[in-house]
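Biologist: I would like a close look at a single part of this model, explained with care for someone in the first year of study. Please take one residue as the centre and then turn to the loops.

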Amino acid sequence: MLDPALASGDRDLIERLVTNLLDNARRHNAPGGWIKVSTATLSGRAVLSVANSGPVIPPDRVHTLMQPFQRLETGRKATGDGLGLGLSIVAAIVKAHHGLLEVRPLPEGGLEVTVVLVS
């Protein structure tokens, strides 16, 4: 569901944040999978949530995905054209905007990323 969610901040950086989240959700999705995007305003703060039906992610690996050049699969098993920068860039943009970032693996596979920014 896409409700209005006005946020203050650097327009280009917030656009990069949204683009990275959507690109990651598409790129790291299961074949024939789904992507859910929602926006809302809660308690005067803009909230964006992006989730997908990608591979199962061990909960203890989630924090590493926020670090530069980290991917779930490494070495010869790593596929795709990503460099492992998408979520680290998202984290840096959220931090620069004094926002909140929650990343949680979904039990059936995939990831849900929620960003909260001051509106």
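A close look at Val115

Modeller: Let us begin with Val115, bearing in mind that this is a predicted model. Val115 lies in strand S4, which covers residues 111-118, and its relative accessibility is 2%. Because buried means under 20% relative accessible area, Val115 with its 2% counts as buried. If we leave aside the neighbours within four places in sequence, Val115 is in contact with Leu17, Leu21, Ala46, Val47, Leu48, Val94, Leu100 and Leu101. Val50 can be placed relative to Val115 in two ways, since the two residues are 65 residues apart in sequence, while from C-alpha to C-alpha they are 8.8 Å apart in space.

Now to the loops. Ser43 is found in the loop between strand S1 (35-42) and strand S2 (45-52), and its relative accessibility of 78% is the reason why Ser43 counts as exposed. The backbone of Ser43 deserves attention too, for its phi is near 50°, a positive value in a residue other than glycine. Most residues other than glycine have a negative phi.

His98 can be read in a similar manner. The loop that holds His98 runs between helix H2 (86-96) and strand S3 (100-105). His98 has a positive phi of about 55°, although it is not a glycine, and His98 is exposed, with a relative accessible area of 67%. Thus Val115 is buried, whereas Ser43 and His98 are exposed.

Methods. Residues are numbered from 1 along each chain as its sequence is written. This is a predicted model: local features need pLDDT of at least 70, side-chain atom pairs count only at pLDDT 80 or more; totals for chains, interfaces and linings use all residues. Side-chain values use heavy atoms; hydrogens and water are left out. Helices (H or I, at least four residues) and strands (E, at least two) are DSSP runs, numbered from the N terminus. Buried means under 20% relative accessible area, exposed over 50%, partly exposed in between (1.4 Å probe, protein chains only). Contact means heavy atoms within 4.5 Å.
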